[in-house]
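Q: Please take a close look at one part of this structure, the aromatic rings and how they pair. I am new to it, so keep the sentences short.

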Amino acid sequence: MESRTKYLSNYSLGNISVLSCNETVQPQWNQASVDGWFAFTIAICVFGTVSLLLLLIVALTKRLHHGAAFLIIHLSCLQLFLCAISYPLSTTDIYLALIPDQTVRFAIHCPSFLFIFKVVLHTEMWSSVLLAVNRCVAVALPHHYRMMTTKVALASMIGVPWVIALVINIPLLFGVGLDLKRDHPVEYCLAMPNGSVYSRVYLVMERYLPLGVKGVMHFALFLHIHVKRVNGRKSVKPFVPSTCTAPSRSLQKPQTATTSKRAHAQRGGRNIVLAEILGVSFIWKCVCFLPGPISQEVYPALYSSSQILQFWMLRTFALCGYAANPVGDMVN
């Protein structure tokens, strides 16, 4: 098997990893490992696509057109684009490049494809951040939550992530931070760091900052729920049988007030359940997104002996973070 020029980086670019130094080495993979990685990754894409489609069908059928439902539908559409279009195309493009003597290639314009891919990735991350903010207000400040459900507020929480994503990624079109191109030695689309300071800033804005903000929000929400439950248990008085006669009807509370309180308690319970589910979803995303970039920063030589390993860690694991999310959302 002839030698090739391989690329290894100590930097992860939204699930596409590249080398910062050139060296000619023997390819460290066999066709079986390539086929296994490709088949598993495409299977995850199919699973995520089907799950997201079911979630959207349920949301539209039940006419969940209020509050956080708009944000969940928007987030699900972004994840559907990643699972059904972006990841299958980029994974197939890499797979064709790793097949020996394979001349078939996708006729895609790499800068445009990678730019759209990156914009959707960033939008999905920041949309999940604002969804966490929405849940924090719903649980911790329920009397102010109505302000979060106005048309202006919902439109802002949907539009702001797109603005952030465009601001972060537009410099890439001018070669600032990353070079979006098809790499000639291995012939698949790559987002390659060009050594500028912005390449580091880009990684922080893409992964660490949104996950850090979400972590703070979910931790604060967890503390609020825990304290509220503890205080609720302390405030419960022991039951003492009453020997008095039943109060007259004039002294009894109206049925409408009791019903209103019960409905309010049910809404509060649903908000807490949704907040807990989103907290589990956040932990799952950390498990899927962080090991690859962190291991590549701490042990940059880890992937030098196996390019397939970096595809598993930086692409397939991250894909699981999008594809498995609908399972938590559908519990609602």
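A: This is a predicted model. It holds eight aromatic pairs.

Start with Phe 113 and Phe 117. Their ring centres lie 6.0 Å apart, and their planes meet at 45°. An angle under 30 degrees would count as stacked, and one over 60 as edge-to-face. The angle here falls between those limits, so this pair is tilted. Both residues belong to helix α3, which covers residues 110–140. They are four residues apart, about one turn of the helix. Phe 113 and Phe 117 are both buried.

Now take a second pair, Phe 289 and Tyr 322. The ring centres are 5.2 Å apart. The planes stand at 50°, so this pair is tilted. It links distant parts of the chain. Phe 289 is in helix α6, residues 255–289. Tyr 322 is in helix α8, residues 307–323. In sequence, 33 residues separate the two.

How exposed or buried are these two residues? Phe 289 has a relative accessibility of 2%, so it counts as buried. Tyr 322 has 0%, so it counts as buried too. The cut-off for buried is under 20%.

The two pairs also belong together. Tyr 87, Phe 113, Phe 117, Phe 289 and Tyr 322 form one aromatic cluster. So the cluster takes in residues of helix α3, and Phe 289 and Tyr 322 bring in helices α6 and α8.

Phe 289 has another partner. The charged end of Arg 207 sits over the Phe 289 ring. It lies 4.6 Å from the ring centre. Phe 289 therefore pairs with Tyr 322 and also has a charge over its ring.

Another buried residue is Leu 98. Leu 98 is found in helix α2, which covers residues 68–98. Its relative accessible area is 2%, so Leu 98 is buried. Leu 98 and Asn 30 are 68 residues apart in sequence. In space, their C-alpha atoms are 9.5 Å apart.

Last, the setting. The chain has nine helices and six strands. Of its 332 residues, 45% count as buried. Among contacts with a separation of 6 or more, 76% join residues 24 or more positions apart. Phe 289 and Tyr 322, at 33 residues apart, show such a separation in one aromatic pair. The accessible surface of the chain comes to about 17,300 Å². Carbon and sulfur atoms account for 69% of that surface.

How values were computed
Residues are numbered from 1 along each chain as its sequence is written. This is a predicted model: local features need pLDDT of at least 70, side-chain atom pairs count only at pLDDT 80 or more; totals for chains, interfaces and linings use all residues. Side-chain values use heavy atoms; hydrogens and water are left out. Buried means under 20% relative accessible area, exposed over 50%, partly exposed in between (1.4 Å probe, protein chains only). Rings of Phe, Tyr and Trp (its six-membered ring) pair if their centres lie within 6.5 Å; planes under 30 degrees apart count as stacked, over 60 as edge-to-face and the rest as tilted. A charge sits over a ring if NZ of Lys or CZ of Arg is within 6 Å of the ring centre and within 35 degrees of the ring normal. Contact means heavy atoms within 4.5 Å. Accessible areas come from the Shrake-Rupley method with a 1.4 Å probe; for residues, only the protein chains shown count as cover.
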